[in-house]
Amino acid sequence: DPTGLGHGVKTVSTIGSDEALAGSTACKWVIIQSQTDNTDKIAVGATGVDATVATGTGIILYPGEATTLLVDNLADVYIDALVAGEGVRYIYGS
């Protein structure tokens with residue numbers, strides 16, 4: 001059972017370059033929501049995730065969409081964006 005909550009925001013500085021959601025942060029789950037003011041899609045997955053539409057990997061989040069992942073560390077979750085400076089917000093249980 002989670003004993004605490006945390007949250008954050010992560011933006012992608014360079015498109016096509018996956019970035020870890022956060023530094024090493026122990027958790028039990030994370031809910032990730034694509035920023036509502038994004039203009040394009042965000043991909044969420046493991047290292048190497050790619051938001052390219054036809055050949056990408058991971059799952060795609062449209063602006064405002066969210067997904068929940070059961071993970072033990074935020075550093076295991078990566079995002080990629082089709083537009084530099086766009087990203088996600090997240091909340092996690094520790």
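**Note on a predicted model: buried charges, strand pairing and loop contacts**

1. Both lysine 10 and glutamate 19 are buried, and the two residues form a salt bridge in which the closest N and O atoms are 3.1 Å apart. The structure is a predicted model, and the distances and accessibilities discussed below should be read with that in mind. Side chains of opposite charge can pair when their charged atoms come close. The count of salt bridges comes to two, and the pair of lysine 10 and glutamate 19 is one of them.

2. The other pair to consider is lysine 41 with aspartate 40, which form a salt bridge with the closest N and O atoms 3.0 Å apart. Lysine 41 is buried, because its relative accessible area of 16% falls under the 20% limit. Aspartate 40, by contrast, is partly exposed, since its relative accessible area is 24% and partly exposed residues lie between the 20% and 50% limits.

3. Asparagine 38 sits in the loop that runs between strand E3 (29–34) and strand E4 (42–45), and with a relative accessible area of 8% it is buried. What does the side chain of asparagine 38 meet in a polar contact of 2.9 Å? The partner is the side chain of serine 34. In addition, a polar atom of the asparagine 38 side chain lies 2.8 Å from the backbone oxygen of glycine 87. When neighbours within four places in sequence are left aside, the contacts of asparagine 38 are with Pro63, Glu86 and Gly87.

4. Strand E3 shows an alternation of its side chains: Val30, Ile32 and Ser34 point to one face and are buried, whereas Trp29, Ile31 and Gln33 point to the other face and are not buried. In a regular strand the side chains alternate between the two faces of the sheet. Serine 34, on the buried face of E3, is also the residue whose side chain makes the polar contact with asparagine 38.

5. Which strands pair with E3? Strand E8 (residues 87–93) pairs with E3 in the antiparallel sense over six bridges, and within that pairing glycine 93 is the bridge partner of tryptophan 29. Strand E6 (residues 66–69) also runs antiparallel to E3, to which it is joined by four bridges, and here valine 30 stands opposite leucine 69.

6. Threonine 67 belongs to strand E6 and counts as buried, at 16% relative accessibility. Not counting residues up to four places away in sequence, threonine 67 touches Val30, Ile31, Ile32, Ile59 and Leu61; of these, Val30, Ile31 and Ile32 are residues of E3, the strand that E6 joins through its bridges.

7. A further set of four strands forms an open sheet in the order E2-E7-E4-E5, with antiparallel pairing. Strand E2 (19–20) and E5 stand at its edges, each with a single partner strand, so one side of each is left without a neighbour in the sheet. E2 pairs with strand E7 (residues 78–81) in the antiparallel sense over two bridges, and tyrosine 78 in E7 is the bridge partner of alanine 20.

8. Are glycine 48 and valine 49 buried or exposed? Glycine 48 lies in the loop between E4 and strand E5 (59–61) and is partly exposed, with a relative accessible area of 46%, whereas valine 49, which is placed in the loop between E4 and E5, counts as buried at 4% relative accessibility. Beyond residues up to four places away in sequence, glycine 48 touches Asp18 and Thr57, while valine 49 touches Asp18, Ala43, Val44, Thr57, Gly58, Tyr78, Ile79 and Asp80. As for spacing, the C-alpha atoms of glycine 48 and serine 34 are 18 Å apart, with their positions 14 residues apart in sequence, and those of valine 49 and isoleucine 15, 34 residues apart along the chain, are separated by 11 Å.

9. On the surface, Leu5, Ile31 and Ile91 form a nonpolar patch, with about 260 Å² of accessible area together. Leucine 5 lies in strand E1 (residues 5–11) and counts as exposed, because its relative accessibility of 64% is over the 50% limit. Ile31 belongs to the face of E3 whose side chains are not buried.

Conventions: Residues are numbered from 1 along each chain as its sequence is written. This is a predicted model: local features need pLDDT of at least 70, side-chain atom pairs count only at pLDDT 80 or more; totals for chains, interfaces and linings use all residues. Side-chain values use heavy atoms; hydrogens and water are left out. Buried means under 20% relative accessible area, exposed over 50%, partly exposed in between (1.4 Å probe, protein chains only). A polar contact is a pair of N or O atoms within 3.5 Å; within protein, one must be able to donate a hydrogen and the other to accept it, and residues adjacent in sequence count only if both atoms are side-chain atoms. Contact means heavy atoms within 4.5 Å. A salt bridge is a side-chain nitrogen of Lys or Arg within 4 Å of a carboxyl oxygen of Asp or Glu. Two strands pair if DSSP finds at least two bridges between them. Patches are made of residues with over 30% relative accessible area and no salt bridge: like charges are joined within 9 Å, nonpolar side chains (Val, Leu, Ile, Met, Phe, Trp, Tyr) within 5 Å. Accessible areas come from the Shrake-Rupley method with a 1.4 Å probe; for residues, only the protein chains shown count as cover.
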